[in-house]
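Ready to poke around a protein model? Work through the exercises below with the structure open beside you, and try each one before reading its solution.

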Amino acid sequence: MWTIIKIDQKRINFLKKDFEEKLGKDYIIYCPKLSVEKFKKNKLVKKEFNLLGDYLLCFHKDFSNQKTMTKLKFCRGLKYFLNGFLQYQNDIQDFIKRCKSSE
């Protein structure tokens, strides 16, 4: 199950650590980024931006279980889970495939 999570960018390491403690190591976090290169004062400057801003895509097989979601609700660095992710699994997977194909 894929879910969409709103996070605090400064506390992403705490979020990963809490997920590892509560879910184990079998979760996947995907955050698509946009890389921009431009010249500034005759130097090439590279910047990376998160395509989704403060949102991440996270996969774990137990996200369909309500007990798992309530257990993760109060992790450090997590603002909230987006509702309705169960109905849009195909759309989320298509989005991830498109992002990975253009990396």
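**Exercise 1. Find K41 and N42, then work out what their phi angles and surroundings look like.**

Solution. Keep in mind that you're looking at a predicted model.
- Step 1: K41 sits in the loop between β3 (33–40) and β4, and N42 has its place in that loop between β3 and β4 too.
- Step 2: look at the backbone. K41 isn't a glycine, yet its phi is positive, at about 55 degrees. N42 isn't a glycine either, and its phi is positive as well, at about 60 degrees.
- Step 3: check accessibility, remembering that exposed means over 50%. K41 has a relative accessible area of 78%, so it is exposed. N42 comes out at 79%, so it is exposed.

**Exercise 2. Decide whether L51 is buried, partly exposed or exposed, and list what it touches.**

Solution.
- Step 1: go to the loop between β4 (43–50) and β5 (55–59), where you'll find L51.
- Step 2: the partly exposed class lies between buried, under 20%, and exposed, over 50%. L51 has 48% relative accessibility, so it counts as partly exposed.
- Step 3: skip the neighbours within four places in sequence, and the contacts of L51 are P32, K33 and L34.
- Step 4: try a distance as well. L51 and Y30 are 21 residues apart in sequence, and their C-alpha atoms are 11 Å apart in space.

**Exercise 3. Count the disulfides, and explain what you find for C58 and C99.**

Solution.
- Step 1: recall that a disulfide is a covalent bond between the sulfur atoms of two cysteines. The sulfurs need to be within 2.5 Å.
- Step 2: start with C58. Its closest cysteine sulfur belongs to C75 and is 10.0 Å away, so that's too far for a bond.
- Step 3: do the same for C99. Here the closest cysteine sulfur is in C31, at 9.9 Å, which is too far for a bond.
- Step 4: the search of the whole structure gives zero disulfides.
- Step 5: see where these two cysteines sit. C58 is buried, with a relative accessible area of 1%, and C99 counts as buried at 10%.

**Exercise 4. Start at T3 and trace your way into the largest nonpolar core.**

Solution.
- Step 1: T3 is part of strand β1 (residues 2–7). Its relative accessible area is 0%, so T3 is buried.
- Step 2: leave out residues up to four places away in sequence, and T3 touches L56, L57, C58, F63, M69, F81 and F85.
- Step 3: now take the largest nonpolar core, which has 21 residues; I5, L15, F19, F63, L72 and F81 touch the most other members. At least two residues of this core come from each of β1, α1 (12–23), β5, α2, β6 and α3 (89–101).
- Step 4: zoom in on I5. Beyond four places in sequence, its contacts are F19, D54, Y55, L56, C58, L78, Y80 and F81.

**Exercise 5. Describe the largest pocket and its lining.**

Solution.
- Step 1: the largest pocket holds about 270 Å³ of space.
- Step 2: its lining has 16 residues, and Q66, M69, F81, N83 and F85 are the closest to the centre.
- Step 3: α2 (66–72) and β6 (78–81) are the elements that give two or more residues to this lining. The biggest contributor is β6, with four residues.
- Step 4: sort the lining by type, and you get eight nonpolar, six polar and two charged residues.

Note on methods:
Residues numbered from 1 in each chain as written. Predicted model: local features only at pLDDT ≥ 70, side-chain atom pairs only at ≥ 80, totals over all residues. Heavy atoms only, no water. 1 Å grid on protein atoms, 1.4 Å probe; cavity = no way out; pocket = protein on both sides within 12 Å on 5 of 7 lines; lining within 4 Å. Points joined across faces, edges and corners; volume = space filled by probe spheres on them. Nonpolar A, V, L, I, M, F, W, Y, C, P; charged D, E, K, R; others polar. Buried < 20%, exposed > 50% of the residue type's maximum accessible area, 1.4 Å probe, protein only. Contact = heavy atoms within 4.5 Å. Core = buried A, V, L, I, M, F, W, Y, C linked by side-chain atoms within 4.5 Å.
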